4 protein chains.
Amino acid sequence: MELGLVGLGKMGGNMRERIRRAGHTVIGYDRNRDLADVHSLKELVDSLQGPRVVWVMVPAGAATQSTIDELAELLSPGDVVVDGGNSRWTDDEKHAEQLAAKGIGFVDCGVSGGVWGLENGYALMYGGDAEHVAKVQPVFDALKPEGDFGSVHAGKVGAGHFAKMVHNGIEYAMMQAFAEGWELLEAVESVTDVREVFRSWQEGTVIRSWLLDLAVRALDDDEHLDRLRGYAADSGEGRWTVEAAIDNAVPLPAITASLFARFASRQEDSPQMKMIAALRNQFGGHAVESK
Amino acid sequence: MELGLVGLGKMGGNMRERIRRAGHTVIGYDRNRDLADVHSLKELVDSLQGPRVVWVMVPAGAATQSTIDELAELLSPGDVVVDGGNSRWTDDEKHAEQLAAKGIGFVDCGVSGGVWGLENGYALMYGGDAEHVAKVQPVFDALKPEGDFGSVHAGKVGAGHFAKMVHNGIEYAMMQAFAEGWELLEAVESVTDVREVFRSWQEGTVIRSWLLDLAVRALDDDEHLDRLRGYAADSGEGRWTVEAAIDNAVPLPAITASLFARFASRQEDSPQMKMIAALRNQFGGHAVESK
Amino acid sequence: MELGLVGLGKMGGNMRERIRRAGHTVIGYDRNRDLADVHSLKELVDSLQGPRVVWVMVPAGAATQSTIDELAELLSPGDVVVDGGNSRWTDDEKHAEQLAAKGIGFVDCGVSGGVWGLENGYALMYGGDAEHVAKVQPVFDALKPEGDFGSVHAGKVGAGHFAKMVHNGIEYAMMQAFAEGWELLEAVESVTDVREVFRSWQEGTVIRSWLLDLAVRALDDDEHLDRLRGYAADSGEGRWTVEAAIDNAVPLPAITASLFARFASRQEDSPQMKMIAALRNQFGGHAVESK
Amino acid sequence: MELGLVGLGKMGGNMRERIRRAGHTVIGYDRNRDLADVHSLKELVDSLQGPRVVWVMVPAGAATQSTIDELAELLSPGDVVVDGGNSRWTDDEKHAEQLAAKGIGFVDCGVSGGVWGLENGYALMYGGDAEHVAKVQPVFDALKPEGDFGSVHAGKVGAGHFAKMVHNGIEYAMMQAFAEGWELLEAVESVTDVREVFRSWQEGTVIRSWLLDLAVRALDDDEHLDRLRGYAADSGEGRWTVEAAIDNAVPLPAITASLFARFASRQEDSPQMKMIAALRNQFGGHAVESK
């Protein structure tokens with residue numbers, strides 16, 4: 001089939017390649033002319049035969065919104081837009097309504113895979129009406145990993161990004177689990193080879209997992225991670241997961257602890273711990289560290 | 001080689017079978033005469049040619065202590081005792097000293113594998129002096145999974161149980177991660193097929209893991225887990241992990257949250273939340289639920 | 001001075017009484033005609049001499065919005081609206097802009113005090129332009145407690161509700177602190193009189209506080225809180241506090257733990273702990289409790 | 001009455017002064033001859049008329065143990081030893097048994113008050129048999145604050161230190177509550193005067209408390225706490241509280257979060273966050289901060 005693909009960055013570029021390898025035609029547009037097959041959204045739309053499928057793979061928020069605004073003007077009834085970026089699930093229903101007013105279908109799709117996706121395939125979680133999903137299905141089949149799993153029609157519009165968001169929330173807590181365990185092992189004298197302990201866990205244990213494999217790779221590069229700072233960014237998904245939990249009164253203690261650990265990792269000095277120090281000083285004459 | 005094995009319950013019995021399949025001789029003792037090859041520890045020791053290796057696989061605490069006390073009297077210098085049970089790592093040094101006073105070696109070994117171990121092998125983490133470990137190595141090789149991983153000499157006496165304990169702490173937080181994500185997905189309307197979302201994650205995602213595979217199996221049995229109560233026991237290892245963290249001033253927020261979630265799951269009614277309700281009632285005339 | 005007061009429920013009714021005791025004129029409107037001095041917002045506005053001050057004390061959300069919508073039509077340039085309800089601080093700027101377009105001022109005010117406020121005064125945190133605040137000041141002075149403290153001009157529009165929201169977040173964690181301590185004391189045998197321990201803490205300790213006094217009152221009513229269920233509602237402020245923290249990348253582990261404890265207290269059975277039970281069953285053949 | 005007091009540091013010295021002000025005789029011993037009334041424990045014991053009461057106020061652990069060992073040899077049946085230090089409650093029963101073997105009574109006493117105790121009195125929580133407590137009662141009455149509260153016979157031997165430990169656990173979470181709230185208020189632009197918000201809360205609010213008063217004092221010294229580092233030590237009691245909770249399967253999420261925040265505050269760089277950074281780098285090619 002033919003696909004229009006908007007956004008040819010690290011993710012989009014590799015996805016174009018994987019879809020082409022599966023025998024489909026991909027016409028890509030990017031503001032960076034060196035990456036692009038066509039040089040405007042209008043040209044992209046004009047190059048495709050209807051009913052068209054246009055996959056949007058640009059940063060969430062303003063960039064995605066303006067792309068969808070423009071596509072709403074350019075596309076025709078019966079066409080379908082896929083938002084494959086990291087949009088917040090709450091945006092999806094708005095986009096679906098905006099496009100439906102023009103007779104254009106909408107599918108939201110969470111994509112996981114990172115730099116490994118080109119070779120191994122991308123895990124896909126998508127939401128939307130069955131008739132719209134059906135039009136995109138050949139592309140989903142090209143992108144997904146080769147085995148029995150790796151893609152799912154998760155539910156209504158928004159369900160794809162919601163499922164991907166929860167995936168990332170789980171990922172935060174799993175990473176935190178390994179990180180906490182690693183720090184504790186490194187802290188004690190009796191365990192003399194923490195890296196080999198991690199390596200051994202790759203078979204026969206309850207915690208064997210891809211993240212464990214990656215941890216071993218990282219430790220093979222830098223046994224005690226001396227070359228890194230204990231500093232971690234967070235993307236929107238972790239925050240949104242906690243917000244969705246609050247909206248639904250679902251307690252998420254481990255995922256939230258993982259998010260907060262990242263916040264704290266980015267503080268040069270902790271304001272709240274200054275207050276703790278100040279209070280200790282007030283009531284107990286406890287020695288505090290001053291600057 | 002020859003091995004004496006004390007404790008032939010669910011774990012010990014399967015381990016005897018796996019070691020025998022590897023061509024070694026195992027003489028097993030258990031208080032349950034139906035399971036046992038010999039009918040006393042003395043008979044067990046007398047049946048083995050020196051230097052002997054005796055693997056203790058009985059409940060941690062009093063049962064392990066009394067077995068080691070008795071073996072200290074029966075064994076000879078140059079023999080080695082392995083504690084493969086779930087002993088707290090702090091017990092290991094005491095046992096090593098007690099046996100060393102008689103010239104007997106000691107190795108502690110954490111064993112993971114559960115009901116899957118007989119076929120897939122057991123993950124092994126052991127600690128102790130290299131010369132003592134060497135005497136047990138053929139048994140370790142028989143028990144471990146077939147691949148490159150699955151066993152490790154983690155360090156000094158105690159390091160085996162410590163590494164296994166941390167493994168279990170990590171396991172607690174990984175399970176909690178999937179559980180939190182599952183509850184959140186089940187809570188929202190847009191995601192209409194949570195089980196299929198979990199199934200899809202088994203390939204191409206960051207969170208693919210054996211625990212995820214098990215979650216899918218569980219959901220295949222009982223899609224919304226309606227047949228279960230939200231009640232989870234905890235073994236000693238989770239608690240010990242948090243205690244070890246406190247001893248070493250290592251923050252473990254996600255693992256500890258997972259342990260506390262299990263504690264709370266076992267309370268019919270939460271005393272602390274009664275106090276919250278009482279305080280709300282005092283200051284605000286908030287409606288509280290009375291019995 | 002003269003004040004128009006919209007909303008004469010438990011809070012509003014007591015506030016009217018306290019302001020009147022201070023010698024001011026209060027004209028109150030409520031949909032419940034038995035409580036009201038006038039029977040429509042129009043009548044309320046017409047009864048006041050300009051420049052008018054109208055205090056809105058109705059439920060946050062739709063009720064507050066529709067009241068402000070109506071007042072925007074009825075009031076005149078130079079009048080001031082105070083939102084004293086539990087509105088989310090993010091609503092305040094919208095309301096301020098909506099009213100400013102008509103030349104009407106806006107002040108947001110968080111009010112704490114509950115059933116004790118009539119006698120002891122209400123703690124007030126307000127935000128807005130100094131000129132608007134000045135017009136309301138006599139009412140603030142009438143409502144606040146008698147001592148040196150209890151009211152503050154916290155900052156710009158929204159700062160009043162934000163400060164009140166954070167107050168409530170702190171309140172959640174302080175209540176949780178006492179609740180956790182109480183449960184732990186009740187759990188051990190050696191402490192034979194937990195209530196008297198709490199009572200003793202009311203002087204000379206670091207933790208003496210009004211909440212502790214209330215805890216003692218509650219225990220005097222019901223020593224072991226046997227008559228209560230461990231069930232706690234949560235108002236919006238706790239949730240908004242965590243959301244504001246996420247927006248600002250501020251880690252709030254204790255306040256969030258307190259919020260999640262309330263969520264969990266309202267679940268008949270915990271879905272996430274069902275998943276934990278299911279996983280334990282899968283990998284270990286652990287006994288789980290079935291229904 | 002007559003009291004022997006061992007340990008005349010910051011706490012002990014002030015306590016001697018307060019007891020003397022109440023008209024009692026205090027004979028103090030300290031290794032520092034400048035502070036001491038007598039120059040050995042033997043001289044202390046010989047100076048007191050039987051039945052004697054000796055209050056031990058030295059660091060928990062080895063110093064307390066060796067003092068009790070020596071007193072066990074020097075005292076006579078019918079005498080009573082009070083341990084007023086910060087001993088772990090689990091030590092108390094051992095000390096009680098050791099002394100009971102010589103016919104000597106034992107009372108454990110948790111003392112709160114810090115530098116404010118001399119003037120305001122010390123909050124006291126004690127445990128032990130009623131007959132032993134009775135012998136110490138005049139000293140307890142001299143030390144406690146003047147009001148109706150401030151001292152309690154909490155239960156059996158160990159209950160005094162247990163209650164004091166829980167007090168400190170609650171204190172950790174209350175401090176954390178104010179610290180989190182303060183950081184959040186400081187993080188937003190709309191709130192222009194955080195110190196005045198804290199000051200206002202001292203009357204009419206739910207969170208008014210001595211700790212809040214201290215926070216205001218600290219902010220009056222240093223409005224944004226610029227002169228402090230966000231670094232907080234922890235004494236044993238916070239750790240023991242969490243350990244006691246684990247022993248009793250009581251979930252303590254807020255208190256534990258407060259303890260972990262202190263641990264994290266003392267790390268130059270967080271090992272666990274290095275692992276998070278390493279994993280992000282592995283799977284996503286995320287930019288990480290390297291040294």
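In this predicted model, the largest nonpolar core holds 244 residues, and the members that touch the most others are A:Phe198, B:Phe198, C:Phe198 and D:Phe198. The surroundings of D:Phe198 can be listed once its neighbours within four places in sequence are set aside. From chain D, D:Phe178, D:Trp182, D:Leu185, D:Leu212, D:Ala215, D:Val216 and D:Leu219 are in contact with D:Phe198. Chain A contributes A:Met275 to this set of contacts.

The next topic is how chains B and D are arranged. Two copies of a chain are related by a rotation about an axis and a shift along it. For chain B and chain D, the rotation is 180° and the shift along the axis is 0.0 Å, with an RMSD of 0.0 Å after superposition. The two copies are therefore related as by a two-fold rotation axis. Within chain B, the residue whose C-alpha comes closest to that axis is B:Glu243, at 3.3 Å.

Chains B and D are also in contact, with 21 residues taking part from chain B and 21 residues from chain D. Because 100% of the interface residues of chain B are also interface residues in chain D, the copies meet through the same surface.

The area buried between chain B and chain D is about 1800 Å², and carbon and sulfur atoms give 69% of it. On the chain B side, B:Ile246, B:Pro251 and B:Phe260 supply 37% of the area buried against chain D, more than any other three residues. Helix 10 (236-247), helix 11 (253-265) and helix 12 (271-284) of chain B each give two or more residues to the side that touches chain D. Between the two chains there are zero salt bridges, while four residue pairs are in polar contact, both residues being at pLDDT 80 or more.

Notes: Residues are numbered from 1 along each chain as its sequence is written. Chains are lettered from A and ligands numbered from 1 in the order in which they are written. This is a predicted model: local features need pLDDT of at least 70, side-chain atom pairs count only at pLDDT 80 or more; totals for chains, interfaces and linings use all residues. Side-chain values use heavy atoms; hydrogens and water are left out. Copies are superposed by least squares on the C-alpha atoms of residues with pLDDT of at least 70 in both. Contact means heavy atoms within 4.5 Å. A nonpolar core is a set of buried Ala, Val, Leu, Ile, Met, Phe, Trp, Tyr and Cys residues joined through side-chain atoms within 4.5 Å. Buried means under 20% relative accessible area, exposed over 50%, partly exposed in between (1.4 Å probe, protein chains only). Buried area is the accessible area (1.4 Å probe) that two parts lose on being put together, summed over both. A salt bridge is a side-chain nitrogen of Lys or Arg within 4 Å of a carboxyl oxygen of Asp or Glu. A polar contact is a pair of N or O atoms within 3.5 Å; within protein, one must be able to donate a hydrogen and the other to accept it, and residues adjacent in sequence count only if both atoms are side-chain atoms. Helices (H or I, at least four residues) and strands (E, at least two) are DSSP runs, numbered from the N terminus.
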